[in-house]
Structures are given as structure tokens and as C-alpha cells.
Amino acid sequence: MLVEPDWDVAVIGAGPAGLAAAVAAASAGARVVVLERAEHPRYKTCGGGLLGSSLRLSEEHLPAVPVRDTISSLTFTLDGRREFTRSSERPLLALVRRDDFDLAWCAAAAKAGAVIRPNTQVRALAQDEHGVTVTLNDGATVTARVAIGADGSAGITSRHVGVVFEQQDLGLEVELAATAADQERWRGRVLLDWGPHPGSYGWLFPKEDQLTVGVIMAKGRGADTKRYLHDLVERLGLSGRTVLHDSGHLTRCRAAGSPLRRGRVLVAGDAAGLLEPWTREGISYALRSGLWAGQVAAEDQDLSAYDVQVAAELEPEMIAGRRLLGVFAGHPSIVHTAMSSPLGWRAFSGFCRGDFSMAGALGRPTVKAALRLLGSRSVRVQPAAG
């Protein structure tokens, strides 16, 4: 690339990671273009739960966060049994619909100065020491000094960088029309059900006139996943509700040491396989990694600073999440019981509010002793190339 590139930063994908990157880079004065294959607002399969950390980041960058419900109570069940509810005086989670949430971040990116190009499909990437050439489906090209990939774990940027995933899970979800009685029953309260298969769990998230019901478990058990979702909906007495959306998605968690960057192409969020392995929560990872990638790309100096920040702040969390997934997969009943104890509830509610990290919680002497007793270890899954 011998000529001046069209843009300083090209962001591929307009989900939370890509739009956070665009906000950060454009706010730093970079010329930013966002290439998105769809058009906002668009439906996205996602529970839409914002941890305290995600809510605070969103409040810093959005005029208003489109929250549909604020959660202060959690109901826990063990495959439909042993139900109990814990409540907090302080909010635990905020719930959003992803079409609202992503549209708000898209507007923030545009306000910061980024140019949003919807209905734009990327076909190929090429780069040299000066910049990146992005080839679109129609043959046109976009050039930039740095590219940030945020097009999902199955996207072209993940393959270009060479991300390797060690954990793959299938999530299935239905959006149901909520009756007035449903809204009254679930307002301010979330259900978490520890599922019938190792590492699986289900949820119900209320969002005003909609209920999001979903389940997740290891990839390769499609029939079991479908059966679990069907049974959960039926168990909750929601079988007769109108189905507004019925969808599924794969979550992919990166292998330790997997690259986050290749030359002048960085990947963030799902494209980098950044998510919490136990809960499979990804929005907080998307926002944080996207903001960091955008800041580093705008500076266009030492791009390895992005790798360093992810390694320092997100990788310890992922290691802790893998350990907790190992405990949960082997001892779901013990995890269920722990949530009813003062120590377990303080830890989980603190994680939800973003008061402290999983890595920090696992470093406490009492928790370390319990994990040793249970023989916790990371769940090992056959790696799959991105």
C-alpha cells in the first residue's frame, strides 16, 4: 500500500465490540469507517443481560442506555427443582434488547465521527507494513492504517488472525410475548436453572412485554439442547405464549495463547473468542476489548499494547471462568447449594454488579480451599481452528 489509506481505522462488524471500538477511535480523532453486513436496528440472539461493568461503560458513552428491566432478584433452580430466590437492595443486572442496545451504540459511534456503512459485506483482507486493504463483495476496496475485526467468531477477521477456539457451546433461545400476568410475575427478577447436562444452564430474562428464555450447553448435543429448551418453557408455564423469535447461536471461547492480532489487524469481542467460559457472558468482554482496540488503533503506534491489556485484564478472568465451569460441570448440586449460602451469594451478586472479579474471588483462601476439595480443573475441549 503505497498511497495514503482512505481511513485511519476500519472496523468490521457493528455489534458491541465493533461499535465500542469505533466510538473510542473516532473520539480520539481517528478517521473511522464501520463496515456492517446488516442494518441497525436488527435482531440478535442474546440474553441481553448487562453486568454492572457493562452498564457503567455504556453510561459513560451513551446519552441513555435502553434498559428494559432492572434486576434485583435471582431465582435459582436445579433442573427445575430446589427453587429459591435471593434479592439485593442494589441492582444486580440491567436487561436490554440487543436491537435497541446496538442501535444506541451505533448512534454514539456516528456522533463521535465514525462513518457507518450498513449492508456492506467483507470478502477478503490483505495487509502490508503500511496498512490493510479490505475487499468487499462487490469488488470495491477500503483501505485503512489499522483494521479491527468484530464480525463474530465465524467471521473473516477471526480466520485471518488465526484465532483458535477451545470451547464451543450451542445456545438456543426464544423470545415470547409476555402477558400482563407474566410481566407482574417476572418484573425485576431473573431465573437461572442449572441444567440436566454437564455445564448446561437455562435462563429467563424479562424485558417488559417480552420474555427471553434460553439454554446453553456444549456443542454436539443439539437434540439435548432443543429438549432442554422445550422442557424449560413448558416447566415455566409458557408453552402457549406467542413466539416472537426462535433462534440459536454458537459461542466460541479462545484457547489460551491464541492470537489477538496479526500485523495491523486486531480482533475484539466474539471475533477474538473473548467471553466468560462459565456463564458464556460476552457483552462486557466485547465492550472492554472493543474500547481498548479502538484506543490503540487510533494511536497507530505500538499495536501490541492491545495484546498486553487483554492479557492483563481479561485472561485472568477467563482462566477463573474455566475453573468454575469445571466445578459446575462436575458438581452442579454443590454450586446450587453454594448460591444459597451467604458467601456464595455475596460472590455471585458481586460478580453481577461488577464489584469484583471472578479471578479475585477465586483468590480468596476459603474459595481456594473449596476448589481444591472439589478437584476443580479447567474443562478441556478439542481445539477447533477459527
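Modeller: Let's start with a term we'll need: a salt bridge is a side-chain nitrogen of Lys or Arg within 4 Å of a carboxyl oxygen of Asp or Glu. Keep in mind that this is a predicted model.

Biologist: Fine. Which residue forms a salt bridge with Asp307, and how far apart are the closest N and O atoms?

Modeller: The general idea is that side chains of opposite charge can pair when their charged atoms come close. Here the partner of Asp307 is Arg261, with the closest N and O atoms 3.0 Å apart. Asp307 belongs to helix 8 (residues 304-313) and Arg261 to strand 17 (residues 261-262), so this pair ties together parts that are 46 residues apart in sequence. As for exposure, Asp307 is partly exposed, at 23% relative accessibility, and Arg261 is partly exposed too, at 26%. Elsewhere, salt bridges that share partners link Glu4, Asp8, Arg31 and Arg145 into one network.

Biologist: How many salt bridges does a search of the whole structure find?

Modeller: It finds 22. One of them joins the side chains of Arg42 and Asp102, at 2.7 Å from N to O. Arg42 sits in the loop between strand 2 (32-35) and strand 3, while Asp102 sits in helix 3 (residues 98-112), so parts 60 residues apart in sequence are tied together.

Biologist: Are Arg42 and Asp102 buried or exposed?

Modeller: Arg42 is buried, with a relative accessible area of 17%. Asp102 is buried as well, at 1%. For another case, look at Arg221 and Asp224, whose closest N and O atoms are 3.0 Å apart in their salt bridge. There Arg221 counts as partly exposed, at 31%, but Asp224 counts as buried, at 19%. The cut-off explains that label, because buried means under 20% relative accessible area.

Biologist: Let's move on to sheets. In what order do the strands of the open sheet run?

Modeller: Strands of a sheet pair through backbone hydrogen bonds, either parallel or antiparallel. This open sheet has 3 strands in the order 3-7-4, with antiparallel pairing. Strand 3 (49-50) and strand 4 (67-71) are at the edges with a single partner strand each, so one side of each has no neighbour in the sheet. If you want to trace a pairing, strand 3 is joined to strand 7 (residues 93-96) by 2 bridges. Put Leu50 on your screen and you can look for its bridge partner in strand 7, Ala94.

Biologist: Now the cysteines. How many disulfides does the structure hold?

Modeller: The count is 0.

Biologist: Why do Cys46 and Cys352 not form a bond?

Modeller: A disulfide needs the two sulfur atoms within 2.5 Å. The closest cysteine sulfur to that of Cys46 is in Cys352, 15 Å away, and that is too far for a bond. Cys46 is found in the loop between strand 2 and strand 3, and it is buried, at 16% relative accessible area. Its C-alpha atom is 9.5 Å from that of Val96, although the two residues are 50 apart along the chain. Cys352 is buried too, at 4%.

Biologist: Cys352 brings us to helix 11. Which residues of helix 11 are buried?

Modeller: They are Gly344, Trp345, Phe348, Ser349, Gly350, Phe351, Cys352 and Arg353. The idea to keep in mind is that an α-helix has 3.6 residues a turn, so residues three or four places apart point the same way. You can also check the length: at 1.5 Å a residue, the 12 residues of helix 11 (residues 342-353) should span 16 Å, and the end C-alpha atoms are indeed 16 Å apart. Just after the helix comes Gly354, which has a positive phi, near 80°.

Biologist: What about rings? Which residues form the aromatic cluster?

Modeller: In general, a pair of aromatic rings is described by the distance of the centres and the angle of the planes. The whole structure has 11 aromatic pairs. One cluster takes in Phe76, Phe84, Trp194, Tyr201, Trp203, Trp278, Phe328, Trp345, Phe348 and Phe351.

Biologist: And where does the charged end of Arg189 sit?

Modeller: Over the ring of Trp186, 4.1 Å from its centre. The charged end of Arg288 likewise sits over the ring of Tyr285, 5.0 Å from the centre.

Conventions: Residues are numbered from 1 along each chain as its sequence is written. This is a predicted model: local features need pLDDT of at least 70, side-chain atom pairs count only at pLDDT 80 or more; totals for chains, interfaces and linings use all residues. Side-chain values use heavy atoms; hydrogens and water are left out. Rings of Phe, Tyr and Trp (its six-membered ring) pair if their centres lie within 6.5 Å; planes under 30 degrees apart count as stacked, over 60 as edge-to-face and the rest as tilted. A charge sits over a ring if NZ of Lys or CZ of Arg is within 6 Å of the ring centre and within 35 degrees of the ring normal. Two strands pair if DSSP finds at least two bridges between them. Helices (H or I, at least four residues) and strands (E, at least two) are DSSP runs, numbered from the N terminus. Buried means under 20% relative accessible area, exposed over 50%, partly exposed in between (1.4 Å probe, protein chains only). The expected span of a helix is 1.5 Å times one less than its number of residues.
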